[in-house]
Amino acid sequence: MSDKKETPERPALELPIQAHLGDQLKKLYGSILSEPIPERLTQLLDQLERAERKERDGLSETSDGGGDK
Amino acid sequence: MTALVAFKSALLAELPSLRAFAISLSGSHDHADDLVQETVMKAWSAHASFSPGTSIRAWLFTIMRNTYFSQYRKARREVQDSDGEAAARLVSAPAQNGHLDLADFRVALEKLPDDQREALILVGASGFSCEEAAEICGCAVGTIKSRVNRARQKLMQMMAMQNAADL
């Protein structure tokens with residue numbers, strides 16, 4: 001997947017600049033990757049799991065009183 | 001039930017990547033976390049359509065970018081239009097060793113057209129091949145390649161503008 005062969009005429013000056021831009025992009029992305037995950041997102045997964053377990057239990061136990069959250 | 005646990009922990013493991021893609025795509029932490037939340041909810045209810053053995057990250061990114069382009073782009077545009085001073089800042093900011101610093105790079109990235117920014121992030125930061133990116137975006141590989149090239153050219157132009165005094 002080298003893009004060198006697609007743009008063989010690229011001026012030499014562009015290569016270090018492109019490398020710099022690539023580094024900046026990875027740095028930006030990496031800084032976001034290392035941010036702590038907001039609790040609301042992990043809690044959402046817990047909620048989804050709980051809801052699904054409840055639903056499955058309800059199905060297997062001939063559910064009643066399903067109105068609560 | 002173990003499948004449920006495995007799916008949940010796979011989603012949990014992908015949350016940082018989903019956030020990074022969402023933030024770099026939307027340019028806003030607030031919108032991004034809403035976008036991640038919606039992606040997770042959609043993924044959860046579409047669990048059955050995920051084929052085990054394939055990349056869950058690619059699957060999630062596909063859901064996310066479709067959600068972004070169908071719902072979030074408009075909101076983002078409104079924010080973007082209201083702070084056009086970002087562009088002015090980019091041009092007037094002092095050059096640092098002929099390089100864009102990270103904050104300026106971020107502004108420049110946000111100024112790219114959505115489709116070009118998306119392609120650049122997928123290939124240049126998220127670690128997808130052009131083929132995988134094409135699949136995620138639902139377009140041809142050649143389209144991804146040309147979007148990435150145009151994105152790079154535009155970033156270079158913005159950088160040249162900023163560093164005009166230097167060069």
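Axes here are lines fitted to C-alpha atoms, for helices over the stretch in contact, and angles run from 0 to 180 degrees between N-to-C directions. Helices (H or I, at least four residues) and strands (E, at least two) are DSSP runs, numbered from the N terminus. You are looking at a predicted model, where local features need pLDDT of at least 70, side-chain atom pairs count only at pLDDT 80 or more, and totals for chains, interfaces and linings use all residues. Residues are numbered from 1 along each chain as its sequence is written, and chains are lettered from A and ligands numbered from 1 in the order in which they are written.

**Stop 1: chain A.** Select chain A and you will find two helices and zero strands.

**Stop 2: between the chains.** Now select residues 14-33 of chain A, helix H1, and residues 2-26 of chain B, also called H1. Their axes come within 8 Å and cross at roughly 130°. H1(A) and H1(B) are therefore oblique to each other (not under 35 degrees, over 145, or 65 to 115). To see who meets whom, pick A:Leu28, A:Tyr29, A:Ile32 and A:Leu33 on H1(A), then look across to H1(B) for partners including B:Pro16, B:Ala20 and B:Ile23; contact means C-beta atoms, placed from the backbone, within 7 Å.

**Stop 3: inside chain B.** Keep H1(B) and add H2(B), residues 29-45. The two pack at about 135°, with their axes 8 Å apart. That makes H1(B) oblique to H2(B) as well. Where they meet, H1(B) brings residues including B:Leu11, B:Leu15 and B:Leu18, while H2(B) offers B:Leu35, B:Val36 and B:Val40, among others.

Definitions and conventions. Two residues are in contact if their C-beta atoms, placed from the backbone, lie within 7 Å.
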